[in-house]
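Let's take a walk through this protein together, one stop at a time. Keep the structure open beside you and turn it as you read.

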Amino acid sequence: MISIFNYFSLNKCQLIIFVINRNLYLHSMDNNTKNLVDKGEMLPLMESFYTIQGEGFYKGTAAYFIRLGGCDVGCHWCDVKESWDALLHPPTLTTEIVEKTKNFSETVVITGGEPLMWDMTMLTKLLNAKNKSIHIETSGAYDLSGNWNWICLSPKKRKLPKKEIYQVANELKMIIYNKSDFEFAEIEAAKVNSDCVLFLQPEWSKRDLVMPLIVDYVMQNPKWKVSLQTHKYLKIP
Ligand code: SF4
């Protein structure tokens with residue numbers, strides 16, 4: 001499927017965001033497909049692959065990743081901008097998506113894009129039936145759907161999480177791009193439940209600049225842990 005938008009053009013000073021929202025995605029398809037997507041029986045699959053979870057609490061764990069298209073949060077440093085336009089990622093039967101996980105690890109990570117733009121009920125139900133441990137990586141900007149074994153919440157300033165997710169998040173992952181992000185991290189940490197594990201992670205392009213700041217900050221505020229994108233150091237997906 002070809003997008004009707006040439007959806008972004010970026011240089012260091014310019015960011016153009018086209019909001020390709022769920023409704024526009026649904027509007028682009030026939031009624032039957034629309035119905036299936038609406039119920040989560042089809043999802044805009046961008047890619048799926050078996051790798052090692054590089055970040056956060058489960059760093060180093062073999063995991064099958066399912067990346068869904070669609071995100072309108074618009075982080076300027078986003079490293080998967082090609083996920084933003086859901087129209088670039090054709091609806092795929094959820095049963096097919098789940099079937100592909102069968103020969104891989106028990107851990108399945110649902111990521112995006114912003115996966116909660118879509119109804120996750122069917123996807124998590126089918127994965128649960130295959131005894132998978134189901135993780136999600138989300139900005140929390142949309143209502144939580146589905147049943148999860150692990151919720152990694154990564155709030156973004158441009159579109160804050162829905163209130164309900166703070167109480168069920170297992171892991172809070174705050175991306176540090178500049179100094180002001182420490183303040184934002186503390187504001188968000190004050191909202192999560194007491195069992196939630198707190199991580200500060202350098203934005204990849206700024207890692208050399210912000211890593212020393214993160215190290216100092218974590219030593220002074222040991223409730224936080226450092227998360228690195230180890231998959232990028234390992235040169236794996
Ligand atoms: S929420 Fe995630 S996928 Fe969406 S723009 Fe931000 S970093 Fe990219």
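Start with strand 7, residues 171-176: six of its six residues are buried, so the strand is largely enclosed by the rest of the structure. To count as buried, a residue needs a relative accessible area under 20%. Keep in mind that you're looking at a predicted model. The side chains of strand 7 split into two groups: Glu 171, Lys 173 and Ile 175 point one way, while Leu 172, Met 174 and Ile 176 point the other way. Whichever way they point, all of them are buried.

Who are the neighbours of this strand? One is strand 6 (residues 150-153), which pairs with strand 7 in the parallel sense over two bridges. If you want to find that pairing on screen, look for Leu 153, whose bridge partner in strand 7 is Leu 172. Another neighbour is strand 8 (residues 197-202), which runs parallel to strand 7 and is joined to it by six bridges. Here, Ile 175 has Gln 201 of strand 8 as its bridge partner. To get from strand 7 to strand 8, the chain passes through helix 5 (residues 180-189), and this β-α-β crossover is right-handed.

Now move back along the chain to strand 1, residues 42-52. Which way does strand 1 pair with strand 2, residues 62-68? The two pair in the antiparallel sense, over seven bridges. Leu 45 is a handy landmark, as it stands opposite Leu 68 in strand 2. Strand 1 also pairs with strand 3 (residues 91-93), again in the antiparallel sense, this time over three bridges. On that side, Met 42 has Leu 93 of strand 3 as its bridge partner.

Next, follow the loop between strand 2 and strand 3, where you'll meet Asp 79. Is Asp 79 buried, exposed or something in between? With a relative accessibility of 45%, Asp 79 counts as partly exposed, because that label covers values between 20% and 50%. Here's a long-range link to look for: Asp 79 and Trp 204 are 125 residues apart along the chain, yet their C-alpha atoms are separated by 8.6 Å.

What about the ligand? You'll find it in the largest pocket. Around the ligand are Cys 71, Val 73, Gly 74, Cys 75, Trp 77, Cys 78, Trp 84 and Gly 113. Sorted by class, this shell has six nonpolar residues, two polar ones and no charged ones.

One residue of that shell, Gly 113, deserves a second look. Gly 113 is in the loop between strand 4 (107-111) and helix 4 (121-129). The peptide bond leading from Gly 112 to Gly 113 is cis, with omega near 10 degrees. Why point that out? Because most peptide bonds are trans, and most residues other than glycine have a negative phi.

That second habit of backbones takes us to our last stops. Asn 131, in the loop between helix 4 and strand 5 (133-138), has a positive phi near 60 degrees, although Asn 131 is not a glycine. Lys 235, in the segment after helix 7 (230-234), also isn't a glycine and has a positive phi of about 60 degrees. Are these two buried or exposed? Asn 131 has a relative accessible area of 64%, so it is exposed. Lys 235 is exposed too, with a value of 74%.

Note on methods. Residues numbered from 1 in each chain as written. Predicted model: local features only at pLDDT ≥ 70, side-chain atom pairs only at ≥ 80, totals over all residues. Heavy atoms only, no water. Near = heavy atom within 4 Å. 1 Å grid on protein atoms, 1.4 Å probe; cavity = no way out; pocket = protein on both sides within 12 Å on 5 of 7 lines; lining within 4 Å. Sits in = over half its atoms within 2 Å of the grid points. Nonpolar A, V, L, I, M, F, W, Y, C, P; charged D, E, K, R; others polar. Pairing = 2+ DSSP bridges. Helix = DSSP H or I, 4+ residues; strand = E, 2+ residues; numbered from the N terminus. Buried < 20%, exposed > 50% of the residue type's maximum accessible area, 1.4 Å probe, protein only. Right-handed = clockwise from strand over helix to strand, strands pointing away.
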